[in-house]
Amino acid sequence: MGMTFGDAIEALKNGGKVARIEWNSENMCLEMYFPDKSSDTTLPYVCSVYPAGHISYPEGITIPWLPSQTDMLSEDWVLV
């Protein structure tokens, strides 16, 4: 058994990377980005990170992430 969604959010706030055991995308994880003075955003935000070589995004991609209800209620979150 892994962490709860709340635990995963706390890990992200502390600079960790997290993923769900049940996700089908190998090596995909979430990261929290913290804007700096040169950023267009003013608040932290969570992104899905697909590394280069990923089957869905061969060149890699980082995109904003929005959790599903299943993600929020799951307890299979892990640090990566």
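I began by fixing a term: a residue counts as buried under 20% relative accessible area. I also noted at the outset that the model is predicted.

**Entry 1: Y50**

I looked up Y50 and found a relative accessible area of 14%, so Y50 is buried under that cut-off. I placed Y50 in strand 3. I then listed the contacts of Y50, setting aside neighbours within four places in sequence: S25, M28, Y57, G60, I61 and I63. For one of these partners, I61, I recorded the separation from Y50: 11 residues in sequence, and 5.3 Å from C-alpha to C-alpha.

**Entry 2: H54**

I turned next to the loop between strand 3 and strand 4 (61-64), where H54 is found. Is H54 buried or exposed? I read a relative accessible area of 7% for H54, which means that this loop residue is buried. Beyond its neighbours within four places in sequence, H54 is in contact with S25 and E26. I noted that S25 also appears among the contacts of Y50.

**Entry 3: strands 2 and 3**

I examined strand 2, residues 29-33, and found 4 of its 5 residues buried. Strand 2 is joined to strand 3, residues 45-50, by 5 bridges, and the two strands run antiparallel. Within the pairing, I located M32 opposite V46 of strand 3.

**Entry 4: the nonpolar core**

I asked which residues have the most contacts inside the largest nonpolar core. I found L12, V18, W23, L30, V46, W65 and W77, in a core of 15 residues. Helix 1 (5-13), strand 1 (18-20), strand 2 and strand 3 each give two or more residues to this core. Helix 1 gives the most, with 4 residues.

I followed W23 further. Not counting residues up to four places away in sequence, W23 touches V18, M28, L30, W65, D71 and W77. I noted that M28 is listed for Y50 as well.

**Entry 5: N14**

I checked N14, which lies in the loop between helix 1 and strand 1. Its relative accessible area is 67%; the cut-off for an exposed residue is over 50%, so N14 is exposed. A polar atom of the N14 side chain lies 3.0 Å from the backbone oxygen of E10. I also recorded the pair N14 and M32: these residues are 18 apart along the chain, and their C-alpha atoms are separated by 8.8 Å.

**Entry 6: the chain as a whole**

I closed with the overall description. The protein chain has 2 helices and 5 strands, and I read their order along the sequence as α-β-β-β-β-α-β.

How does the radius of gyration of the protein chain stand against that of a compact globule, and what are the values? For 80 residues a compact globule would have a radius near 12 Å; the protein chain has 13 Å, and I therefore entered the two as in agreement. The C-alpha trace spans about 40 × 30 × 20 Å along its principal axes.

I noted that buried residues make up 31% of the 80 residues. Of the contacts with a separation of 6 or more, 42% come from residues 24 or more positions apart. The protein chain exposes about 5500 Å², and carbon and sulfur atoms supply 54% of that area.

Methods
Residues numbered from 1 in each chain as written. Predicted model: local features only at pLDDT ≥ 70, side-chain atom pairs only at ≥ 80, totals over all residues. Heavy atoms only, no water. Buried < 20%, exposed > 50% of the residue type's maximum accessible area, 1.4 Å probe, protein only. Pairing = 2+ DSSP bridges. Core = buried A, V, L, I, M, F, W, Y, C linked by side-chain atoms within 4.5 Å. Contact = heavy atoms within 4.5 Å. Rg over C-alpha atoms; globule rule 2.2 N^0.38 Å. Areas by Shrake-Rupley, 256 points an atom, 1.4 Å probe, with all protein chains shown as cover. Polar contact = N/O pair within 3.5 Å; in protein donor to acceptor, adjacent residues only side chain to side chain.
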